[in-house]
Protein chains: 2
Amino acid sequence: MLAGQNNTIATNQHEASLNQARELRQLARNGSFNGSTSGFASGLAQGNIVILPKAWADDFLVFCQRNPVACPLLAVSAPGEPLLETLGEDIDIRTDIPEYHVFRHGKLTEKTNDIRDLWWDDMVTFVLGCSFSFEDALMRAGISLRNIDCQSNVSMYRTNIPVESSEHFGGTMVVSMRPFKPADAIRAVQITTRYPKSHGAPVHLGHPSMIGIDDISAPDFGDAVPIHDDEIPVFWACGVTPQVAIANAKPPIAITHAPGKMLVTDIASEQLSVL
Amino acid sequence: MLAGQNNTIATNQHEASLNQARELRQLARNGSFNGSTSGFASGLAQGNIVILPKAWADDFLVFCQRNPVACPLLAVSAPGEPLLETLGEDIDIRTDIPEYHVFRHGKLTEKTNDIRDLWWDDMVTFVLGCSFSFEDALMRAGISLRNIDCQSNVSMYRTNIPVESSEHFGGTMVVSMRPFKPADAIRAVQITTRYPKSHGAPVHLGHPSMIGIDDISAPDFGDAVPIHDDEIPVFWACGVTPQVAIANAKPPIAITHAPGKMLVTDIASEQLSVL
């Protein structure tokens, strides 16, 4: 194969992913897609969403600054601005997520696919990097991912790992888990270290009980996946962590994505990588 | 503290390590030191040694090329040349190792601290990087090492991991093991990745039985160390691997260092690091 052809294929793949990202956001917008976004739009960054009134947003920004592994910021909107121009073409955060969770005074009260009727003019949107963004890099390294193979949502767990509190937000870390053979786990540490905006390297591996996970077969969010005898569970900080912090802070309203159902951006993950 | 003072301290530390390396080689040379070199001459690279007649050396070089993780080459001498000028001041490979193992037709027949009477004019020396070189980087990152804390030799094990054979040399990999808490194990993967000439990243973690280690409390070389309940064993390729290959190849004579008793060079490990 000629080098030029190779470049053409890479360009075509990027174009295909951009098209898929835009199509997926359109489908979410018109209510035709409400599933997990894992495995979609290969090579493009995905984001966790937190939407708060301005009165709570400033303190949440401090919380993110103090917890950059769980809450790596990709974008913060101006108050009331629903379009996220820095992250992609025609992204309207009020409609383009497959499913939203609405929290009132810290309690999950509604699940919806459209928050236009909940929007008001000082809502601030936070977009936090997501581990789905590095799954692609793992697969390109020949490492298979159980959640992708099982076509299920990644397994997520509450832990006993404390986060750094801000004035109102605090609590413990939520993690995502992927099982790997030991050699692949080592490779996964190396690869994900390159993606600090996608939670970076794992925070734990091997002993779930040490981080407060008593039953690995019963995730708190997402789906359970089988872990084989020759595998070890590897845990990354997860962007669902703010949902625990919101439950503790009890703002009058907070809107998030549903776990595993992310904002798919137009930004290449490699654009956010280091080294 | 002034920046200038800091630089002075770093320079002084390097000078102190150089002095310690040279003193340690002198003590080995006059028969006054025959212990493990782990923890000595902080910041300087240590090396595994293989000495073979020229007729076997060419094939061993192929073996090293095919197994760069177990056998990262730091130097190959000219036939008959006992001085290793590229690795340090006044290094005589015939006297400067704390203890040598002599293999005849693949069998360990003698242990000695001086091989001048075994030397002849076509002996070729191979120096292979050693995991002791990165122990220092781990300690600088605040990670404690059980073998250093216990003042014992690192634990080494035969495994079932096959190596790539050359014409005569082949067999299975020997690994060194260090136990860590999971977060430190992750950090250790990151740090040791920077040192490919010291075996680089681990080859395994977590499940000793998967790599053919049935009893972790009974290492094949070096000393046993305790592994606590909240720790996982992490395994690196080890420069003792050639000693297994020599047992299989059965050259008329081969001389190595005794496991854990290395050549301490004048080369800074950081000079051999990547990224």
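How many of the 9 residues of helix 6 (residues 241-249) of chain B are buried?

## Helix 6 of chain B

The count is 7 of the 9 residues, so helix 6 of chain B is largely enclosed by the rest of the structure. This comes from a predicted model. The buried residues are Thr241(B), Pro242(B), Gln243(B), Val244(B), Ala245(B), Ile246(B) and Ala249(B). Here a residue counts as buried when its relative accessible area is under 20%.

Just after helix 6 of chain B comes Lys250(B), with a positive phi of about 55 degrees.

## Overall form of chain A

Chain A contains 6 helices and 11 strands. Its radius of gyration is 18 Å, and the globule rule gives 19 Å for 275 residues; the two values are close, so chain A is as compact as a globular protein of that length. The C-alpha trace of chain A spans about 55 × 45 × 35 Å along its principal axes.

Of the 275 residues of chain A, 55% count as buried. Among contacts in chain A with a separation of 6 or more, 78% are made by residues 24 or more positions apart.

## Surface and charge of chain A

The area that chain A exposes is about 11,300 Å², and carbon and sulfur atoms supply 50% of this area. Chain A carries 20 positive and 31 negative charges, and the mean positions of the two sets are 1 Å apart.

## Contact between the chains

The size of an interface is often given as the accessible area lost when the parts come together. Between chain A and chain B the buried area is about 1,500 Å², with 78% of it given by carbon and sulfur atoms. On the chain A side, Pro182(A), Ile186(A) and Leu205(A) lose the most area to chain B; together they make up 34% of what that side buries. The contact takes 18 residues from chain A and 18 residues from chain B.

## Individual residues in chain A

Ala16(A) sits in helix 1 (residues 3-29) of chain A. Its relative accessibility is 46%, so Ala16(A) counts as partly exposed, a class that lies between the cut-offs of 20% and 50%. Ser42(A) is 26 residues from Ala16(A) along the chain, and the C-alpha atoms of the two are separated by 8.8 Å.

Gln151(A) belongs to the loop between helix 4 (146-149) and strand 6 (155-162) of chain A. Although Gln151(A) is not a glycine, its phi is positive, at about 50 degrees. With 76% relative accessibility, Gln151(A) counts as exposed.

## Individual residues in chain B

Two loop residues of chain B are described here. Asp90(B) is placed in the loop between strand 2 (73-76) and strand 3 (100-104) of chain B. Phi of Asp90(B) is positive, near 55 degrees, in a residue other than glycine. Asp90(B) has 46% relative accessibility and therefore counts as partly exposed.

Asp121(B) lies in the loop between strand 4 (107-112) and strand 5 (123-129) of chain B. Its relative accessibility is 66%, so Asp121(B) counts as exposed. Leaving aside residues up to four places away in sequence, Asp121(B) touches Pro79(B) and Gly80(B). From Asp121(B) to Ser77(B) the C-alpha to C-alpha distance is 12 Å, with their positions 44 residues apart in sequence.

Terms used: Residues are numbered from 1 along each chain as its sequence is written. Chains are lettered from A and ligands numbered from 1 in the order in which they are written. This is a predicted model: local features need pLDDT of at least 70, side-chain atom pairs count only at pLDDT 80 or more; totals for chains, interfaces and linings use all residues. Side-chain values use heavy atoms; hydrogens and water are left out. Helices (H or I, at least four residues) and strands (E, at least two) are DSSP runs, numbered from the N terminus. The radius of gyration is taken over C-alpha atoms; the globule rule is 2.2 Å times the number of residues to the power 0.38. Buried means under 20% relative accessible area, exposed over 50%, partly exposed in between (1.4 Å probe, protein chains only). Contact means heavy atoms within 4.5 Å. Accessible areas come from the Shrake-Rupley method with a 1.4 Å probe; for residues, only the protein chains shown count as cover. Lys and Arg count as positive and Asp and Glu as negative; His and the chain ends are not counted. The place of a charge is taken as NZ of Lys, CZ of Arg, CG of Asp or CD of Glu. Buried area is the accessible area (1.4 Å probe) that two parts lose on being put together, summed over both.
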